[in-house]
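The following exchange asks how some descriptions of a structure are justified. Please consult the sequence and the model as you read.

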Amino acid sequence: MQGISKLRRLVFSSTFIRIASAITTLFGISVFVFLVLRVIPGNTITGAFGIETGALNPQQIAELRHYYGIDQPMVMQYISWMRSFLSGNFGYSFATGRSVFTLTKVALPVTVELAFIGTILGVIMGIAIGMFSARKPGSLRDFGGQLFGLLALAIPGFVLSTAIVTIMANKFHYFPNSLEYMPPWKDPWMNFQQMMFPGLVLGIAVAAPVMRTTRSALLETVDKDFVRTAFGKGVPSRKVQFKHVLRNSLIPIVTMTGIQFGYLLGGAVIVEKIFALPGMGRQVLEAITRREYATVQSSVMVFAIMFVTINILTDLVYRRVDPRIK
Amino acid sequence: MNEPLLSVKDLSISTIQDPRILVNDVNFEIHAGEAVGVVGESGSGKTLSALSVLGLLPRGVGVSAGSIKFNGTDLLSLDAESLRKLRGLDISMVYQDPMTALNPVMKIGKQLLEVIESHETLDDSSLDRVRQALEEVGIPDVNRAIESYPHEFSGGMRQRVMIAMALILSPKLLIADEPTTALDVTIQQQILALVAEERQKRNMSMLWITHDLGVVANLVDRLVVMYAGRIVESGSVKEIFSNPQHPYTAGLLSSLPTTTDKTRKRLTSIAGVPEKPWLVGNTCAFAPRCGFVTPECRSQAPHLVGTLEKSVACFHPVGGAQ
């Protein structure tokens, strides 16, 4: 009897439901990315040989198809990839001659570091400017804050990145990213210099939505009864702003931050490319042009796993932020 | 007579943009130890009048004329920091809806502690004072209560917490803005009794806002009746209940249900709805609904005349006192 009720509690517990739905999501994504790669024109052979593919005779093409494993039925290809993905090897990258896992092991820390820097900068800027704006809606300072939000949203990352590279390299002859990439554990100072500008570009991109979310959440909360109560108690204005208004506006801000962080973990493809950072974005981009199925599929799965994990973490943060969420 | 503790003179409140008058030329005073009730329907301006005392008017609404004096200081010309120091310490307030008046993500104990923290430096005894304040308003198991969040409490319990929070620094004046409206009838009585008892104990002055004459009859010394942003009648409870002179007050009183009347007749009501304060113009606001209306009522606004014991703003007071 007790065993059954325990089982029932497990099955209906929110953690269990979340994990089950996460696994379903991941499975869906794996099928989707697998199919998309096979629908787009070209395959590993054209990716490797380019226009010279036309010079290959049918015999050679058949042999190459066998070599790359794309002569197998689709289901078999999927199973074979899944098997290597789940075994932790992630498949084989023909161009580099290494396992996708080995590539990811090098590229992922770059992307994660960049995503962290971008998110932290973005959240600090976004919340600060959002609070600055919301303090006096409709005023000149609000206009300034909103203008920043709009510009940060409207100026594409590649424009800002190219501008920074141009100015820094041309005028100041300073462009640390032209040197070999240094991970922080090898040369922290060089790593900081290489991460500084791309981090700032991503930070500005994150700051815009965070700022807008912060502003609207604050404006909604500031009219709540408990804010009036706080003022009525004689709590100083600054403390009311932080401990009552901002504290109660955190849920949408946390949500927005989670989403943005998730995006950044998906590899800031263009920014990584411009600043020559060997991250996941660059890895996927190059794998797509070469039609390296296993590399693309496994990398996308890594993104998906991180995104789903961020979502679950965001939910955990909700519970800390609002005691009413059970 | 002594200087009143709170004296509101010629107070007008209006919206800031596209000025619409919401409270028009309101006068009343509260003496030390006295309880004054302000009665009126929704939109009569009673809550705004009360909020203006603490400088807590909602955004976009402001005092456009008049003065509010507390203990001799003009609250309207006070700088923000001096006004802040007054709030919670000298004047505090209990609000209408206890479900929304507490911060949902802050523990009860912390919210009470915050009042002390805003006016004094915290020390070892502060938490004991919080416990004591909660005990006084009848919260069971205070040690658990201070670690709880508002959503773990019922409406009645939350209103008790609000009262404890308002009383923790023993203010000279307590403003209660319909503190029982959002509660069950049985809980209402408990809360009313609690506030009355605490007031007696502390000899505290009180401003009691309500739309229910029956609620305040036994709790206050004097009454102010508001209609469409103006005071129509004010005076001692005894005078107003036994000898209402404004037709609106008389109408309000006759619409009260009684427990002694066994005739099972329908309750009387006042036909029509109140005019919006900003649409009244220079007439008696009650004229459209009044049974005693004359052309005079429609051509000029009556002023509040009389004494502290009894004042009325009407050209044709009922009861033939004049």
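Q: How many residues of each chain take part in the contact between chain A and chain B?
A: Chain B contributes 24 residues and chain A 18 residues, where two residues are in contact if their C-beta atoms, placed from the backbone, lie within 7 Å. This is a predicted model, in which local features need pLDDT of at least 70 and side-chain atom pairs count only at pLDDT 80 or more, while totals for chains, interfaces and linings use all residues. Residues are numbered from 1 along each chain as its sequence is written, and chains are lettered from A in the order in which they are written.

Q: Which element gives the most to the side of chain B that touches chain A?
A: That element is α3(B), with 4 residues; helices (H or I, at least four residues) and strands (E, at least two) are DSSP runs, numbered from the N terminus.

Q: Why is Pro104(B) called partly exposed?
A: A residue is buried if 20 or more other C-beta atoms lie within 10 Å of its own, exposed if 12 or fewer, and partly exposed in between. Pro104(B) has 16 such neighbours, so it counts as partly exposed.

Q: Where is Pro104(B) found, and what does it contact?
A: Pro104(B) is in the loop between β6 (91-94) and α3 of chain B. Leaving aside neighbours within four places in sequence, its contacts include Asn248(A), Arg324(A) and Tyr149(B). The C-alpha atoms of Pro104(B) and Tyr149(B) are separated by 6.6 Å, although the residues are 45 apart along the chain.
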